[in-house]
Structures are given as structure tokens and as C-alpha cells.
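Reader: I have a structure open on my screen and would like to learn how to read it. Could you take me through some features, one by one?

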Amino acid sequence: MTETLEIKITKTQHSRLQETDFSNLPFGRNFSDHMFSADYIDGEWTNFEILPYGEIGLSPAISALHYGQAFFEGLKAYKHDDGQVSVFRPDKNAIRFNKSAERLCMPALPEEIFIQSIAAVVDIDREWIPAKPHHAMYIRPFMFATDPYLGVAPSKTYKYMVLIGPTGPYFSKTLRVKIETKYTRAAEGGMGYAKSAGNYGGSMLPAKKATEEGFDQLIWTDAKNHEYIEEMGAANVMFVLDGKLITPSTRDTILDGVTRDTVITLAREWGMTVEERRVSVAEIIEGAKNGKLQDAFGAGTAATIAPVGSISHNGEEYFLSDPKTREFSQRVLTELDAIKYGRVADVHGWNYMVS
Ligand SMILES: *Cc1c(COP(=O)(O)O)cnc(C)c1O
């Protein structure tokens, strides 16, 4: 039995729901009326609170700002046709949350606090969940160090918060991607497997340069020789090569994605051969040349299934088939939607129902 969290609730006096444009919901721009907050003080989690979304006061000396003791999670809540609300696989995010915490020398958050805090704030703002295809409530739990101390040492106090906001699809078009051969996202022994804030700060310059060259995304390769494929932007990358689903195996340079795991599970159930292993740039380029590369897509909560239209490597661009004609990613996308929006039986127990 898990205890129910005692949460102090202060509701907003001025809902912004009516003034929010639900016909235009770019990722990450809109926040609902409320947010969740908790503090880690003297070795325990306390001050569980739901309060109106807004600014918070912090010392400018907090070590999160100076040394990057900060990380986050990303998941989504969906509105079913019958009005019920579910969060997709939050138990997986709870586990990963604590992996990130451990890597950054930050305190673990009990899974029941993680899940109940999310459920509570989603429940309060359930009117904010868009009931439109491919739309959802994006959920952003995060933790950061709050000691006002400039020594390079783990903080003793932390804040855990949850922001939520309605969102549409992250990418609306087929992606033109580039295999990155200069910059590195993560190295062995580093923190690529954690959703630590610093990983994303470091990816912005390479991403900006790629955008200036006309690309939508980068495919990250290994730090040593740039010979093996690791991820795509802030998503996992998956390929169908000669009828087999192929994706880089998780290691300490790769984020262990919930979407990745979900796609692999479905593919295996459909009788497909799945290979989680090192994936070389050479075999993907070879497959693109000889037509054996039947599908390529990014997989992530924000991106969902984001089809790759072309892959560039060392100045050569290789085009793939029209995404609408791709059997696997189309089937996955359809099945994932059916599960998340409650249109088929949730045989895996992936939907956490918010009552
Ligand atoms: C969040 C993220 C993913 C996708 O993980 P999901 O659990 O599927 O959302 C993949 N790679 C990176 C680097 C990420 O930050």
C-alpha cells in the first residue's frame, strides 16, 4: 500500500484556460493554471504543494545555475474519447528520474511521490488536456539544487516541481537529418543516459549549426570515431533495415527511452526481428544507397514517431521513401495512438488512469 500524499492546494483566482489558443499549441509554450512543488530539506521530501503556475523566488547563488545540478523528465497525459484521462507509463519515467538523480549526486524521489504529484496536478487541470488527434498534456517533472553556495559540491537542498501544458505535435514534417561527425552529445563515462540539463545546453550549438545548413535534426554518433549511431536530437533513433527493426543498444551514452521500449515491445509482438546493438553509420548509408533501408524515425515522448526523409553524411544526401508508404512506422503510430487514447484494450498496463 502506498500512502496518499498530503498536498496543500491553492487554486488560481484567474484561470487562463479561456484565453489560451487551443488551435495553435506549439510544444512547450503553454502552461496550465497550476504546478506542483516539493522541497528536499534535512534529508527528506516535504512541502508538497499545488499552487498557481508562476514565478518562484530563488537565490542567484543556487548551484543548479552554476554547476548544473538539474535534470528533468518528459511524459504525457491523454484524454480518451469517453473523457477519461491517462498518463503513459509514468512508472518508467519514475525509474529514469532516479537514475538521473543518482548520476548527478541528487536525492532519489520515491516513485509514489513522482506518480501522485503528476496525477494530482493533471487532475486539477484536466480541462486543459486537448481532445484532438496527436494532442496531449505534456508533463515536465524536474529537480534542481537550491543551496545558495558557490562551492563545487552536491547541494543539501533541492526542489522538485511538475509543470504541465497542452501541446500539439512536436514535428509536423518529414525530417531532413544530418549525421554529426564533429560534435559529441555524450561520451562513455559521461551522463548521456541521464536527462540532465547540461546535456541539452551542450547540444544547442551543433543543432543551431545544422539548422543553418538547412537540416531539421542531428544524428549523434559515438564520441570516439563518429562511426556508430547513437541518437537523433533528443529522441532515440530506429531503423527498419531489410525487414528488421534495428536500434542502438542502450549504454551510458544513450537515453533509455520509454517510446523506444514501447516500439520494441510492439514490434516483437508483431513477430518482427528486433536487433538492439551497435549500429554503424556505414551500414545505414549502405542501406540508404541500396534501398534496404525501409524506414528511419526518431522515437520520443515529445517527438512521438518522427519520420526521417533524408540522411546526409559528409556532404552527401540520401533520400528515403515517402513516410506515408512506410509500413512499420505507420503501423506503430496508429497502434500507439489507439493505446494512448484508450481506443484498444491496454493489454500491457501502460495507461495510468487519473481518477
Ligand atoms: C527524452 C529523450 C529521449 C526519449 O525518451 P522517451 O522516454 O521516449 O521520451 C531520447 N533521447 C534523449 C536524449 C532524450 O532526452
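Reader: Let's start with contacts. What share of the contacts in the protein with a separation of 6 or more comes from residues 24 or more positions apart?

Author: Happy to help, and please keep in mind that this is a predicted model. The idea is to ask how far apart in sequence two touching residues are. Here, among contacts with a separation of 6 or more, 71% join residues 24 or more positions apart.

Reader: And how does the radius of gyration of the protein compare with that of a compact globule?

Author: You set the value beside what a compact globule with this number of residues would have. For 355 residues that is near 20 Å, and the protein has 21 Å, so the two agree. Along the principal axes, the C-alpha atoms fill a box of roughly 60 × 50 × 40 Å.

Reader: How much of the protein counts as buried?

Author: Residues under 20% relative accessible area go into that class. In this protein, 52% of the 355 residues do. As for the surface, the accessible area comes to about 16,500 Å², and carbon and sulfur atoms hold 50% of that.

Reader: Which secondary structure elements does the protein have?

Author: You will find 8 helices and 19 strands. The domain assignment divides the protein into domain 1 (8–169) and domain 2 (175–340). Between these domains, the contact takes 22 residues from domain 1 and 21 residues from domain 2. Their C-alpha centres are 27 Å apart.

Reader: How far apart are the mean positions of the positive and negative charges?

Author: The protein has 38 positive and 47 negative charges, and their mean positions lie 4 Å apart.

Reader: Now for the backbone. What is the phi of His134?

Author: First the general idea: most residues other than glycine have a negative phi. His134 is not a glycine, yet its phi is positive, at about 65 degrees. You can find His134 in the loop between helix 3 (111–124) and strand 7 (136–145). Leaving aside residues up to four places away in sequence, His134 touches Thr167, Gly168, Pro169, Asp337 and Tyr341.

Reader: Is His134 buried, exposed or partly exposed, and why?

Author: His134 is partly exposed, because its relative accessible area is 41%. That class lies between the 20% and 50% cut-offs.

Reader: Where is Asn314, and what is its phi?

Author: Asn314 sits in the loop between strand 17 (304–313) and strand 18 (316–319). Its phi is positive too, near 45 degrees. With a relative accessibility of 62%, Asn314 counts as exposed.

Reader: One last residue, please. Where is Met191 found, and which residues does Met191 touch?

Author: Look in the loop between strand 9 (175–179) and helix 4 (197–201). Not counting residues up to four places away in sequence, Met191 touches Arg103, Leu104, Ser196, Asn199 and Asp252. Met191 is partly exposed, because its relative accessible area is 23%. For a distance to try on your screen, take the C-alpha atoms of Met191 and Gly271: the two residues are 80 apart along the chain, and these atoms are separated by 34 Å.

Definitions and conventions:
Residues numbered from 1 in each chain as written. Predicted model: local features only at pLDDT ≥ 70, side-chain atom pairs only at ≥ 80, totals over all residues. Heavy atoms only, no water. Helix = DSSP H or I, 4+ residues; strand = E, 2+ residues; numbered from the N terminus. Rg over C-alpha atoms; globule rule 2.2 N^0.38 Å. Buried < 20%, exposed > 50% of the residue type's maximum accessible area, 1.4 Å probe, protein only. Contact = heavy atoms within 4.5 Å. Areas by Shrake-Rupley, 256 points an atom, 1.4 Å probe, with all protein chains shown as cover. Lys, Arg positive; Asp, Glu negative; His and termini not counted. Charge placed at Lys NZ, Arg CZ, Asp CG, Glu CD. Domains from an automatic or database assignment.
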